[in-house]
Amino acid sequence: MPENENDNIYIVPLTKEHIAEVCKIEKECFSDPWSKNMFCDLLNIPFAVNLAAVEISGNTANAEKVVGYFIFYDIFPECQILNVAVKESKRNMKIATRLFSAVFDYAKEANLSEFYLEVRPSNEKAIALYKKFGFKIDGVRKNYYKRPKEDAILMSLKLE
């Protein structure tokens, strides 16, 4: 038995095999979810980095379950964060923290020093998480989101 609940969670490259589960999480987490085709298209973009947090349990064929994902563009020296989500039943288990840790490790290796993202003002938990990692609010993009209509808060982080 693992020492803690996260001992069986691994950060891996997101693959086509993960897309169905990613889409379920996407629909669970967002009011205007991305489509399956959008996720599939990202797998073919050379500068898109797609990571999955997977939970491994047992030795069966269905032993790997996606519990979160992180998608960003590597546009040197910038990291444009596109999408981060964790399955609702797996929240508060530090999965988002592990995903961010993997992204920061990637950024260090790739010499990426600037991070940018947009977030709904109503997504207070995400904003708090981003602030925990040192992101600062830079401004607002009016009427950015459509369903429901909402502005976007622009946030950034500069690594030393």
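Let's start with helix α1 and what sits under it. The buried residues of α1 pack against α2 (36–42), β3 and β4. Keep in mind that this is a predicted model. The helix itself covers residues 19–29. Which of its residues are buried? They are Ile19, Val22, Cys23, Ile25 and Glu26. Look down the axis of α1 and those buried residues fall within an arc of 165 degrees, so they line one face of the helix. Turn to the other side of α1. There, Ala20, Lys24 and Lys27 are exposed.

Stay on Cys23 for a moment. Cys23 has 10% relative accessibility, so it counts as buried. How many disulfides does the structure hold? Zero. Cys23 is in no disulfide, and the nearest cysteine sulfur, in Cys40, is 7.2 Å away. From the Cys40 side, the closest cysteine sulfur is that of Cys23, and 7.2 Å is too far for a bond. The cut-off for a disulfide here is 2.5 Å between the sulfurs.

Next, the nonpolar interior. The largest nonpolar core has 32 residues. Which residues have the most contacts inside it? Phe70, Ile81, Phe100, Phe115, Tyr130 and Phe135. Several elements feed this core. Strands β2 (48–56), β3 (64–75), β4 (78–86), β5 (114–119) and β7 each supply at least two residues, and so do helices α3 (95–110) and α4 (124–132). The largest share comes from α3, with seven residues. Another core lies apart from this one. That other core has 14 residues, among them Cys23, Leu42, Ala52 and Val66. So we meet Cys23 again, this time as a core member.

Back to Phe70. Beyond its neighbours within four places in sequence, Phe70 is in contact with Val49, Asn50, Leu51, Ile81, Asn83, Val84, Leu99, Phe100 and Val103. Pick out two of those partners, Phe100 and Val103.

Phe100 brings us to the rings. The count of aromatic pairs is 15. One of them is Phe70 with Phe100, an edge-to-face pair. The centres are 4.9 Å apart, with 85 degrees between the planes. Where do the two residues lie? Phe70 is in strand β3 and Phe100 is in helix α3, so the pair ties together parts that are 30 residues apart in sequence. Both Phe70 and Phe100 are buried. The two also belong to a cluster linked by ring pairs. Its members are Phe70, Phe72, Phe100, Phe104, Tyr106, Phe115, Tyr130, Phe133 and Phe135.

Now the other partner, Val103. Val103 sits in helix α3. Its relative accessible area is 1%, so Val103 is buried. Not counting residues up to four places away in sequence, Val103 touches Leu51, Phe70, Phe72, Cys79 and Phe115. There is a long-sequence relation as well: Val103 and Tyr69 are 34 residues apart in sequence, with their C-alpha atoms 11 Å apart in space.

On to another ring pair, Tyr144 and Tyr145. Why is it called edge-to-face? The ring centres are 4.9 Å apart and the planes stand at 90 degrees, so the pair is edge-to-face; the threshold for that label is over 60 degrees. Is each ring's residue buried or exposed? Tyr144 is partly exposed, with a relative accessible area of 36%. Tyr145, at 18% relative accessibility, counts as buried.

Both tyrosines touch Glu150. Glu150 is in strand β7, residues 150–158. Buried or exposed? Glu150 has 16% relative accessibility, so it counts as buried. Which side chains does it meet through polar contacts? One is the side chain of Arg120, at 2.9 Å. Another is the side chain of Ser122, also with a polar contact of 2.9 Å. Leaving out residues up to four places away in sequence, Glu150 touches Arg120, Pro121, Ser122, Asn143, Tyr144 and Tyr145.

Last stop, towards the N terminus. Asn8 lies in the segment before β1 (9–13). Asn8 is buried, with a relative accessible area of 16%. What does Asn8 contact, leaving aside neighbours within four places in sequence? Val54, Glu55 and Ile56.

Note on methods:
Residues are numbered from 1 along each chain as its sequence is written. This is a predicted model: local features need pLDDT of at least 70, side-chain atom pairs count only at pLDDT 80 or more; totals for chains, interfaces and linings use all residues. Side-chain values use heavy atoms; hydrogens and water are left out. Helices (H or I, at least four residues) and strands (E, at least two) are DSSP runs, numbered from the N terminus. Buried means under 20% relative accessible area, exposed over 50%, partly exposed in between (1.4 Å probe, protein chains only). A polar contact is a pair of N or O atoms within 3.5 Å; within protein, one must be able to donate a hydrogen and the other to accept it, and residues adjacent in sequence count only if both atoms are side-chain atoms. Contact means heavy atoms within 4.5 Å. A nonpolar core is a set of buried Ala, Val, Leu, Ile, Met, Phe, Trp, Tyr and Cys residues joined through side-chain atoms within 4.5 Å. Rings of Phe, Tyr and Trp (its six-membered ring) pair if their centres lie within 6.5 Å; planes under 30 degrees apart count as stacked, over 60 as edge-to-face and the rest as tilted. The arc is that of the directions from the helix axis to the C-beta atoms.
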